[in-house]
Amino acid sequence: MGTPHNEAASGAFAKTVLMPGDPLRAKFIAETFLADAKLVNNVRGVQGWTGTYKGTPVSVMASGMGIPSIGIYSHELFHFYDVDNIIRVGSAGAISPRLKLRDIVMAQGACTDSNYAHQFGLPGTFAPIADFKLLETAVAVARRMGVEPPVGNLLSSDVFYNKMGGTLKWGAMGVLAIEMESAALYCNAAEAGKRALTICTISDSLVTGEELPPADRQSTFTQMMKIALETAVEMAKPEM
Ligand code: HPA
């Protein structure tokens, strides 16, 4: 088995996959949190690892940056590797003035300037949303850890260096922050009949221009990863 972008064997991925954008972060999560972590994919250096967290099988694989990249990897995980849940663990730039650096936000919905959903041929505009069970589980896990995450819309943009401007207009519609992947992930989950959720740490602010120093990032990212890992454990429990 294998796909053009993934050399993992059939069954090599756990039912829940955490997806950071950065392959080195995938490696960091695997080496820091997973027991018996094994590298299952390394095509293009997009590292995929499978191990266990508190006894539950969990995988972590990078998505790369942007909608086309996560579109490919999440499609293959859902359709060819029988993955049920993808939890994106990423970074985002604040659009809402209420958000501070290091805040952990959860994407209930993903607005977008991308045409990704055009391919589904719908006679209208699809609203990409998180899976409710994943979302409510992750919120409960976060609260248990003393974190009250803002939950709402993110903007998944195709453009990082945007020459047109206007990004802050999304704030007037209550959009919390900007990133570049969730809309495609949520579309793919919907199309596959699977579950997806994005959790992001605020790494910069389009409102104030502040940026998290790289050295500072690790600790908040670590908290976000723990929320995602504990959510994976909860999702593996049999339904009551
Ligand atoms: N724009 C897009 N994606 C991002 C940003 C941003 O400012 N910060 C983190 N991911």
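These are my notes on the cysteines and on two backbone angles in a predicted model.

**Entry 1: disulfides.** I looked for disulfides and counted zero. Cys111 takes part in none, and the nearest cysteine sulfur to it, that of Cys187, lies 12 Å away. I then asked why Cys187 has no bond to Cys111. A disulfide needs the two sulfur atoms within 2.5 Å, and the 12 Å from the sulfur of Cys187 to that of Cys111, its closest, is therefore too far for a bond.

**Entry 2: burial of the cysteines.** I checked whether Cys111 is buried or exposed. The cut-off for buried is under 20% relative accessible area, so Cys111 counts as buried at 17% relative accessibility. Cys187 has 4% relative accessibility and therefore counts as buried.

**Entry 3: Arg44.** I looked up phi for Arg44 and found it near 60°, a positive value in a residue other than glycine. Where does Arg44 sit? I placed Arg44 in the loop between strand 2 (35-41) and strand 3 (48-53). Its relative accessibility is 72%, so I noted Arg44 as exposed.

**Entry 4: Asp82.** Asp82 is not a glycine, yet I read a positive phi of about 60° for it. I found Asp82 in the loop between helix 2 (67-80) and strand 5 (85-94). I wrote Asp82 down as partly exposed because its relative accessible area is 48%, and exposed requires over 50%.

Definitions and conventions. Residues are numbered from 1 along each chain as its sequence is written. This is a predicted model: local features need pLDDT of at least 70, side-chain atom pairs count only at pLDDT 80 or more; totals for chains, interfaces and linings use all residues. Side-chain values use heavy atoms; hydrogens and water are left out. Buried means under 20% relative accessible area, exposed over 50%, partly exposed in between (1.4 Å probe, protein chains only). Helices (H or I, at least four residues) and strands (E, at least two) are DSSP runs, numbered from the N terminus.
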